[in-house]
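User: I am new to this structure and would like to learn how to read its internal features. Could you please guide me through them?

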Amino acid sequence: MRHRDLNGVEVVERARPVVNREGAPIQVMNRDEMLRLGMQELSEVVRRFSGVTIKDYGGIGGLKTVSVRSLGAQHTAVSYDGITISDAQSGQVDISRYSLDNVEQVVLSIGQTDNIFQTARMYASAGALQIETSRPGFAQRNYTLEGQVKTGSFGYINPSFRYGQKISKRVSATAQTDWMRADGNYPFTLVNGTLREEQKRLNSDINSWRGEANVYADLHQAGQLMFKAYYFDSERGLPGSVSLYNPEARERMWDRNFFTQARYENNLSRAWSVKGLLKYNYAYNRYQDINNKYTGGRQDDRYTQKEYYGSGALKYTPTDFLTYSFSTDLFVNTLDATIPESPYPTRYTSLSVLAAQYQDSRLTLTGSLLGTFITERVKTGDRPADRKRVSPALSGSWRILEDENIRIRASFKDIFRVPTFNDLYYLRIGNTSLRPERATQYNAGVTWSGTPFPFVSYLRLSADGYYNRVHDKIVVLPSLSFAKMMNLGEVSIKGVDINMETGLPVSKQLSLQLAGTYTWQKAIDITDPSKKNYKHQIPYTPEHSGTASLTAETPWLNIGYLLTAVGDRYALPQNIRENRISGYIEQGISANRTFALGNTSVRLQGEIINLGNINYEVIQYYPMPGRSFRVSLKINY
Amino acid sequence: MKKNEFLLGVFLSTAFILPFTSCENDDEPVVVEIPEVTEGVYVLNNGKYGSNNATLSYYDVTSKTVVSDVFSSVNGRKLGDTAQDMLIYGSKMYVAMYGSKQIEVMDKQGKSLKTLTSKNADNSLHQPRCFTSANGKVYVSFFDGYVGVIDTTSLEIGTIVPVGLNPEQLTVANNKVYVAVSEGLNYPNTGTKVAVLNASTLAEVTKIDVVKNPINVLSDSQGDVYVISMGDYGTTANNTLQRIDKQTQAVTTVMDATIMTICNDTIYAIYSQWNQPTVSYIKYDAKNEKLISNNFITDGTKLTNGPACIKVDPVTGNIYIGDSDYQTNGDMYIFSREGKLINKFEVGLNPVGAFFISNK
């Protein structure tokens with residue numbers, strides 16, 4: 001009998017998690033949706049999720065950090081293709097650094113995801129933002145080329161180039177680079193009592209470039225291998241907060257980040273799978289402030305961080321319904337700093353997770369136990385005590401009706417974050433006796449998906465109520481002489497997240513997608529009844545916030561409209577009028593069209609950001625730019 | 001008609017009375033002593049650096065009511081960023097806005113008369129820090145390393161001289177200006193000098209060695225100058241109060257103290273270093289150089305958070321101590337000169353001192 005070799009089918013799209021099925025809330029945005037809505041920045045994607053707050057310091061190069069359910073940015077892990085991006089010094093990740101150009105999918109999970117075959121580190125946070133990049137597809141020829149130019153208001157220009165090459169039947173590689181610069185000196189209206197002044201943001205420029213290379217090897221029975229190298233280099237001006245009357249902004253910041261990671265996965269048999277990861281990370285940061293109040297007329301601090309990371313995971317699926325996994329991570333973090341009395345710490349962390357899952361068509365139950373051991377060494381001064389902790393997580397989701405896709409879910413997670421190097425060692429403020437900050441999360445919710453009406457192609461709804469408690473919150477405690485970091489907070493967080501998505505295929509020429517999110521959060525300080533901010537909403541946490549988006553696809557033009565509404569917040573712990581930052585509504589509109597010219601495809605996109613031209617503030621006295629535009633041209637061959 | 005009759009009656013009665021009164025006091029005119037009374041208290045609230053939320057609170061002593069943010073309501077605009085110090089001198093009030101890099105000159109109702117700025121050679125602005133006054137002049141220290149003089153009539157900043165980095169408080173004694181040169185931003189290598197300048201020309205006379213990180217400076221009526229240095233917050237040197245002798249200019253250590261004020265030659269100080277479990281409220285006789293009390297609060301009152309500032313009303317002798325947790329609005333506690341709590345009122349964020357308005 002003759003046999004024929006079938007051509008292999010290349011699966012280039014990532015498996016999308018089944019959002020409604022998971023035991024803990026999970027939100028996904030894939031490349032199609034990002035393109036439909038004209039999104040260019042990672043922060044724009046994250047804003048569309050419920051249950052997150054972004055601290056945005058404004059401008060194109062401004063710092064942007066993510067906090068899940070008011071727990072703080074240090075409790076949110078950010079991962080890039082499976083490996084956590086870390087900053088042991090500040091504990092938070094600046095998401096403005098990562099380009100969306102090659103991103104396939106962004107997943108936000110709150111609590112613990114149902115995907116138990118992960119690194120131990122992905123279990124070690126209250127929430128995780130996972131960025132997954134796209135793999136090249138070689139349908140027409142052995143190589144792909146992509147060139148793109150973006151430009152926009154305030155002197156923004158961003159050319160990029162991406163090249164993919166199929167090296168053999170089993171091996172392919174990509175390389176990409178982009179350069180970005182912007183002046184950032186946008187105008188804004190400063191309101192001061194009865195005075196209104198037109199001013200310009202100063203010292204707001206950014207100049208950065210990024211390079212990334214990946215090698216993918218499919219070794220069939222021997223597994224899959226992936227290598228990545230990434231480099232990021234930037235210089236930017238820090239505009240600082242708007243200072244009334246005589247603003248002078250002369251702070252500058254340089255960042256250089258290099259990392260390389262390798263990932264190996266193998267489905268050894270039907271029941272056994274193994275995964276291994278290795279990563280080396282180097283991060284250099286330089287902060288400079290030119291001011292005559294410093295010795296030598298300037299402050300010039302330099303920080304170098306290194307991380308060595310290794311992880312191994314094993315998955316065992318004895319039956320169709322049961323899965324067990326064991327992962328263990330080992331990593332070392334170091335910090336060299338030029339500030340006085342810097343102790344040159346080295347932190348050794350060992351994480352191990354044992355997880356189990358039962359899953360059938362109606363019920364999913366997942367449980368995990370994370371064991372943490374951290375020890376630290378310093379060259380001078382006191383060193384903190386070793387940390388040992390066992391953290392459990394439990395979640396379940398149940399499809400209550402057999403024929404209707406309606407599920408209820410409940411989850412619990414007890415997790416913590418260790419003090420950052422800044423918390424422990426920063427000049428004078430640092431405190432090596434700090435304990436870890438703990439967070440307990442409880443969530444219960446209901447999800448539903450289906451096609452209730454004939455004119456709707458899909459409708460997904462989810463509603464979750466949650467309660468979080470933060471214990472031993474690490475805060476700065478000022479006093480008459482100076483300030484010190486202390487475990488001094490207790491926060492109670494109650495909230496509701498509602499998500500809705502629907503697709504309306506109106507006709508052959510027109511297809512609509514509508515989505516909305518709403519978050520209600522009551523995050524109050526319950527540390528000390530004698531304090532004036534007892535039971536007041538914690539800073540920068542709006543009680544109400546939400547988004548609404550509408551996209552329309554036609555053969556001639558695709559249009560996306562996005563509205564973000566954020567309620568009042570307070571800049572300082574006391575909820576008084578003087579500390580209140582007004583709520584705002586920000587709207588954006590984008591249009592795009594893709595043309596085919598022979599073997600090449602050309603995509604043109606234009607967006608208007610902040611249609612209402614409001615200089616709203618996310619952080620007090622860091623006004624956001626008013627109405628501005630962006631235009632991009634992409635050519636694929 | 002009736003009015004004319006009444007007026008005639010008054011005229012006639014005074015015509016009879018006046019001759020008798022004028023007989024008694026032929027030589028001197030009648031001088032009526034109007035007692036000096038404290039009408040109100042301004043509290044300067046520092047705010048948070050970078051948050052543009054410095055304010056002035058006003059406490060009416062008679063009605064015991066507080067008006068918060070007087071400056072905004074009077075002037076229609078905010079005071080600015082980080083108010084560091086205030087001086088009431090003559091008919092004007094001066095506020096050093098360290099964050100906004102200017103000096104606000106107001107009348108006693110809080111109406112802004114003029115805003116003073118001054119530039120360096122490289123066009124950057126000087127950063128006003130603390131005030132003192134003497135002989136019709138107002139002296140101001142600038143955190144970027146200078147001391148200047150303000151002409152109180154023209155409201156111009158005149159001579160400015162370099163003194164060393166991060167000068168803090170200053171005082172005038174013995175025809176000289178004594179300035180604490182902290183070099184505080186160079187921690188842990190903070191400064192160890194008090195600069196001494198000629199009060200008329202601001203020419204440097206000498207530099208006196210003190211414990212490192214000097215911040216507070218004041219003088220008594222005899223010409224002794226007192227300095228509090230932060231030390232290194234207790235590692236090798238505590239917050240220390242020292243005296244510079246008026247004649248020899250020799251420095252003697254007096255005791256541990258963190259902040260202080262002086263009123264009628266009595267120093268009121270608070271010792272509240274980071275690692276201290278209890279706070280000391282010190283009363284020290286500066287004339288006779290001896291300690292009066294280590295705890296002048298006599299009725300057991302405890303501040304909710306911790307002392308942030310201390311000032312004494314020169315008319316009543318009442319002691320005004322600010323209480324703050326540095327994150328929420330502070331409170332001002334008023335103690336009598338015997339150390340008993342009289343009243344407490346809410347002020348703004350980070351109070352740095354109470355400044356007194358009297359009827360004179």
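Analyst: The discussion below turns to cavities, aromatic pairs and charges over rings. Please note that this is a predicted model.

User: How many cavities of 30 Å³ or more does the structure hold?

Analyst: The structure holds 13 cavities of that volume or more. The second largest has a volume of about 510 Å³.

User: Which residues are closest to the centre of the second largest cavity?

Analyst: A cavity is read through its lining. Here 30 residues line the cavity, and A:Gln74, A:Arg121, A:Ala124, A:Ser125 and A:Val418 are the closest to its centre. Among the elements that give two or more residues to this lining are strand 4 (76-80) and strand 22 (406-417) of chain A. By class, the lining comprises 14 nonpolar, 11 polar and 5 charged residues.

User: Why is the pair of B:Tyr268 and B:Phe296 edge-to-face?

Analyst: Ring planes over 60 degrees apart count as edge-to-face. The planes of B:Tyr268 and B:Phe296 stand at 80 degrees, with the ring centres 5.7 Å apart, so this pair is edge-to-face. The two residues are 28 residues apart, and the pair links distant parts of the chain: B:Tyr268 lies in strand 21 (residues 266-271) of chain B, and B:Phe296 in the loop between strand 23 (290-293) and strand 24 (307-312). Both B:Tyr268 and B:Phe296 are buried. Over all chains, the structure holds 29 aromatic pairs.

User: Which residues do ring pairs link into a cluster?

Analyst: A cluster of A:Tyr80, A:Tyr98, A:Tyr230 and A:Phe259 is linked by ring pairs.

User: Where does the charged end of A:Arg69 sit?

Analyst: The charged end of A:Arg69 sits over the ring of A:Tyr466, 3.6 Å from the ring centre. In chain B, the charged end of B:Arg129 sits over the ring of B:Tyr98, 4.6 Å from its centre.

Notes: Residues numbered from 1 in each chain as written. Chains lettered and ligands numbered in written order. Predicted model: local features only at pLDDT ≥ 70, side-chain atom pairs only at ≥ 80, totals over all residues. Heavy atoms only, no water. 1 Å grid on protein atoms, 1.4 Å probe; cavity = no way out; pocket = protein on both sides within 12 Å on 5 of 7 lines; lining within 4 Å. Points joined across faces, edges and corners; volume = space filled by probe spheres on them. Helix = DSSP H or I, 4+ residues; strand = E, 2+ residues; numbered from the N terminus. Nonpolar A, V, L, I, M, F, W, Y, C, P; charged D, E, K, R; others polar. Phe/Tyr/Trp six-rings, centres within 6.5 Å; stacked < 30°, edge-to-face > 60°. Buried < 20%, exposed > 50% of the residue type's maximum accessible area, 1.4 Å probe, protein only. Lys NZ or Arg CZ within 6 Å of the ring centre and 35° of its normal.
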